[in-house]
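Here is a short briefing on one chain. Look over the fold first, then read the points below.

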Amino acid sequence: ASLQINFLMGAASASLVWFLSLALAAKLLRPVFVKPLAWQILDSITAVVMAWISISLLMFAYELIHVL
């Protein structure tokens, strides 16, 4: 039971730090994202990361199928 409480407290505090960090970053980056180019760059980075993740998952699934 003690480990579960420790896990709960750790997860809750990590979540709090994460969302407070996001809020602070949004406040600090607000002047940057007034420009459409900044949004285009962010969208491009997001697209590359999502493509990389999907290709990695497809490669993992392909290897998994061929091992079985």
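A residue counts as buried when its relative accessible area is under 20%, and as exposed when that value is over 50%. By that cut-off, helix α1 has zero buried residues among its 28, so this helix is hardly covered. The model is predicted.

**Overall build**
- The chain holds two helices and zero strands.
- Its radius of gyration is 19 Å, whereas the globule rule gives 11 Å for 68 residues; the chain is therefore more spread out than a compact globule.
- The C-alpha trace spans about 50 × 45 × 5 Å along its principal axes.

**Cover and surface**
- Of the 68 residues in the chain, 1% are buried.
- The chain exposes about 6,500 Å².
- Carbon and sulfur atoms supply 79% of that exposed area.

**Helix α1**
- Helix α1 runs over residues 2–29.
- At 1.5 Å a residue, its 28 residues should span 40 Å.
- The C-alpha atoms at its ends are 40 Å apart, which agrees with that expected span.

**Helix α2 and the nonpolar patch**
- Helix α2 covers residues 36–67, and L57 lies in it.
- L57 has a relative accessible area of 54%; because the cut-off for exposed is over 50%, L57 counts as exposed.
- L57 also belongs to a nonpolar surface patch, together with L37, I41, I45, V49, W52 and I53.
- The accessible area of this patch comes to about 730 Å².

Technical notes
Residues numbered from 1 in each chain as written. Predicted model: local features only at pLDDT ≥ 70, side-chain atom pairs only at ≥ 80, totals over all residues. Heavy atoms only, no water. Helix = DSSP H or I, 4+ residues; strand = E, 2+ residues; numbered from the N terminus. Expected span 1.5 Å × (residues − 1). Buried < 20%, exposed > 50% of the residue type's maximum accessible area, 1.4 Å probe, protein only. Patch = residues over 30% accessible without salt bridge, like charges linked within 9 Å, V, L, I, M, F, W, Y side chains within 5 Å. Areas by Shrake-Rupley, 256 points an atom, 1.4 Å probe, with all protein chains shown as cover. Salt bridge = Lys/Arg side-chain N within 4 Å of Asp/Glu carboxyl O. Rg over C-alpha atoms; globule rule 2.2 N^0.38 Å.
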